[in-house]
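Hi,

Here is the structure I promised to pass on. Have a look at it first, and then read my notes below.

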Amino acid sequence: MSAPASNGGHDAWLDALADGEGYALVCPDGHGSLPPRRVCPECGTDSLTEEPLAETGTVETRSVVHVAGPRFAADTPYVTAIADFGPVRLTGIVRGIDPEADAVAVGDRLTATVEEREGDGDPLVAFRPADDE
Ligand SMILES: [Zn+2]
């Protein structure tokens, strides 16, 4: 279930993720990375294929951010998380939860989508609890 990597860049990747078609670039050794990449960051091969992300990811680390730089100030407080989505880990903001509570725990399952940043409307990777619906 893999296709030649189109390497459309990060914006194209965000579009795919927003459409529920998020993918990772995977080399023959199984190293995962995210666009834009032309070579595997682990082993240097340029033989990359697109593999779909897992439907849900597992939280590996998370932290609550109370003070952020100007681009994220309007979003504070928020929870950032790194979640394992199969071939790759994604970093994003967890939404649909109370950021002041300890609402996200290591091992929780999240879905990934693309939402707008509060401050300037730029797209960002957003996670939602997988059992939200
Ligand atoms: Zn590799």
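First, a term you will meet throughout: a residue is buried under 20% relative accessible area, exposed over 50%, and partly exposed in between, using a 1.4 Å probe and protein chains only. By that scale, 34% of the 133 residues of the chain count as buried.

Before the details, some housekeeping. This is a predicted model, where local features need pLDDT of at least 70 and side-chain atom pairs count only at pLDDT 80 or more, while totals for chains, interfaces and linings use all residues. Residues are numbered from 1 along each chain as its sequence is written, and side-chain values use heavy atoms, with hydrogens and water left out.

**The overall fold**

The chain has one helix and nine strands. Helices (H or I, at least four residues) and strands (E, at least two) are DSSP runs, numbered from the N terminus. Read from the N terminus, the order is β-α-β-β-β-β-β-β-β-β. The radius of gyration is 15 Å, close to the 14 Å that the globule rule gives for 133 residues, so the chain is as compact as a globular protein of that length. That radius is taken over C-alpha atoms, and the rule is 2.2 Å times the number of residues to the power 0.38. Along the principal axes, the C-alpha atoms fill a box of roughly 45 × 30 × 25 Å.

As for contacts (heavy atoms within 4.5 Å), take those between residues at least 6 apart in sequence: 52% of them join residues at least 24 apart.

**The zinc site**

Which residues hold the zinc ion as protein donors? They are Cys27 (SG), His31 (ND1), Cys40 (SG) and Cys43 (SG), at 2.0 to 2.3 Å from the ion. Donors here are N, O and S atoms within 2.8 Å of the metal (3.2 Å for Na, K and Ca); water is not among the atoms, so sites may look incomplete. Along the chain, the donors follow the spacing C-x3-H-x8-C-x2-C.

The angles among the four donor atoms are 105 to 114 degrees, and the site is tetrahedral. For four donors, that label asks for all angles between 85 and 135 degrees; four count as square planar and six as octahedral if opposite donors are over 155 degrees apart and all others between 65 and 115, and anything else is irregular.

Two of the donors are worth a look for their surroundings. Cys40 is buried, at 2% relative accessible area, whereas Cys43 is partly exposed at 39%.

**Residues in the same stretch of sequence**

Asp29 lies in the loop between strand 2 (23-26) and strand 3 (32-33), and is exposed at 58% relative accessibility. Its C-alpha atom is 9.4 Å from that of Glu42, which is 13 residues away along the chain.

Ser33 belongs to strand 3 and is buried, with 5% relative accessible area. Leaving out residues up to four places away in sequence, Ser33 touches Ala24, Leu25, Pro41 and Val88.

Ser47 sits in the loop between strand 3 and strand 4 (49-52) and is partly exposed at 38%. With the same four-place exclusion, Ser47 touches Val26, Cys27 and Pro28. Ser47 and Thr61 are 14 residues apart in sequence, yet 30 Å apart in space, C-alpha to C-alpha.

**Aromatic rings**

Rings of Phe, Tyr and Trp (its six-membered ring) pair if their centres lie within 6.5 Å; planes under 30 degrees apart count as stacked, over 60 as edge-to-face and the rest as tilted. The count comes to two aromatic pairs.

Phe72 and Tyr78 make a tilted pair, 5.8 Å centre to centre with 40 degrees between the planes. Phe72 is partly exposed at 24%, while Tyr78 is buried at 10%.

Why is the pair of Phe85 and Phe127 stacked? Because the ring centres are 5.8 Å apart and the planes are at 15 degrees. This pair links distant parts of the chain, 42 residues apart: Phe85 is in the loop between strand 6 (78-84) and strand 7 (89-94), and Phe127 is in strand 9 (residues 123-129). Both Phe85 and Phe127 are buried.

**Two cis peptide bonds**

One cis bond joins Pro35 and Pro36, with omega about -5 degrees; Pro36 is in the loop between strand 3 and strand 4. Another joins Thr76 and Pro77, with omega about -10 degrees, and Pro77 is in the loop between strand 5 (57-65) and strand 6.

Cheers
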